[in-house]
Amino acid sequence: GGSLKELLYKEAPLSIQRTLEIALDLADALTRAHRLNVIHRDIKPANVLIANDGTPRLTDFGIAHIPDKEKLTNTGSIMGTYAYLSPEACTGEELDRRTDIWAFGVMLYEMLTGEHPFDSESNFAALIAIMQNPHPPITTYRADLPPILVALIDHMLINARERRISIIRRVGAELDSILS
């Protein structure tokens, strides 16, 4: 069925219903990874494959990190796709589950708007925007979004990670509630 990146190229923005269906399945997959103490570190549309039945599959755990295991990458190095890096990843800090939640929030924003919240002409400009600027209000692009969904995405994209949603299971529960 291709990737979410390809789907967004053809159909962005996605309907609220389709976005919630994909997002809920991805939140379940990420919940399982986090429960196994795996941080993906490269959540993005290209790493989500869409099966023939339309369900998403989270893939490419190539730079995933398992805390308390031997480090395969250097602390302080930037790993992942710039456009989806969390502010703490941009500065080379130790990462935790909230970095995946940030990237998932960026992806939700993109699915619903067809726009990237930190679109810039260069990687450097994107990194600066991610670290210093709040994301543009999603309602600028989609006025039809339920306020609870807007609040969820806003909470996933808080620059200060100590204020960001810290558990993907909570994201999944809120997505499920909105979908219902």
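This passage describes the fold, the nonpolar core and the aromatic pairs of a predicted model.

Taken as a whole, the chain holds seven helices and two strands. Read from the N terminus, these elements follow the order α-α-β-β-α-α-α-α-α. Of the 180 residues, 46% count as buried. Contacts that span much of the sequence are well represented: among those between residues at least 6 apart, 67% join residues at least 24 apart. The accessible surface of the chain amounts to about 9000 Å², and carbon and sulfur atoms account for 50% of this area.

A good place to start on the interior is the largest nonpolar core, which has 48 residues. Within this core, the residues that touch the most other members are Leu4, Phe104, Leu149, Val171 and Leu175. Two or more residues come from each of α1 (4-11), α2, β1 (48-50), α3 (87-90), α4, α5 (123-132), α6 and α7. Helix α4 gives the most, with ten residues. In soluble globular proteins, nonpolar side chains tend to be buried together.

Phe104 offers a helpful view of how this core is put together. Setting aside residues up to four places away in sequence, Phe104 touches Ala23, Leu26, Ala27, Ile43, Met156, Ile168, Val171 and Leu175. Two of these partners, Val171 and Leu175, are themselves among the core residues that touch the most other members.

Helix α6 (residues 147-156) shows the packing from another side. Its buried residues are Leu149, Val150, Leu152, Ile153 and Met156. Viewed down the axis of α6, these residues fall within an arc of 160°, so they line one face of the helix. An α-helix has 3.6 residues a turn, so residues three or four places apart point the same way. The buried residues of α6 pack against three helices, namely α2 (16-35), α4 (97-113) and α7 (168-179). One of them, Met156, is also a contact of Phe104.

Towards the start of the chain, Ser3 sits in the segment before α1. Ser3 has a relative accessible area of 9%, which falls under the 20% limit, and therefore counts as buried. Beyond its neighbours within four places in sequence, Ser3 is in contact with Pro45, Ala46, Val48, Leu49 and Ile50. The last three of these residues, Val48, Leu49 and Ile50, make up strand β1 (48-50).

Finally, the structure holds two aromatic pairs. A pair of aromatic rings is described by the distance of the centres and the angle of the planes. For Trp102 and Phe118, the ring centres are 5.7 Å apart and the planes meet at 20°, so this pair is stacked. Trp102 belongs to helix α4 and Phe118 to the loop between α4 and α5, so the pair ties together parts that are 16 residues apart in sequence. Both residues are buried, with relative accessible areas of 0% for Trp102 and 4% for Phe118.

The other pair joins Tyr109 and Tyr141, whose ring centres lie 6.2 Å apart with planes at 75°, so the arrangement is edge-to-face. Here Tyr109 lies in helix α4 and Tyr141 in the loop between α5 and α6, so parts that are 32 residues apart in sequence are tied together. The two tyrosines differ in their exposure: Tyr109 is buried at 0% relative accessibility, whereas Tyr141 is partly exposed at 40%. Helix α4 thus supplies Trp102 to the stacked pair and Tyr109 to the edge-to-face pair.

Technical notes. Residues numbered from 1 in each chain as written. Predicted model: local features only at pLDDT ≥ 70, side-chain atom pairs only at ≥ 80, totals over all residues. Heavy atoms only, no water. Helix = DSSP H or I, 4+ residues; strand = E, 2+ residues; numbered from the N terminus. Buried < 20%, exposed > 50% of the residue type's maximum accessible area, 1.4 Å probe, protein only. Contact = heavy atoms within 4.5 Å. Areas by Shrake-Rupley, 256 points an atom, 1.4 Å probe, with all protein chains shown as cover. Arc of directions from axis to C-beta. Core = buried A, V, L, I, M, F, W, Y, C linked by side-chain atoms within 4.5 Å. Phe/Tyr/Trp six-rings, centres within 6.5 Å; stacked < 30°, edge-to-face > 60°.
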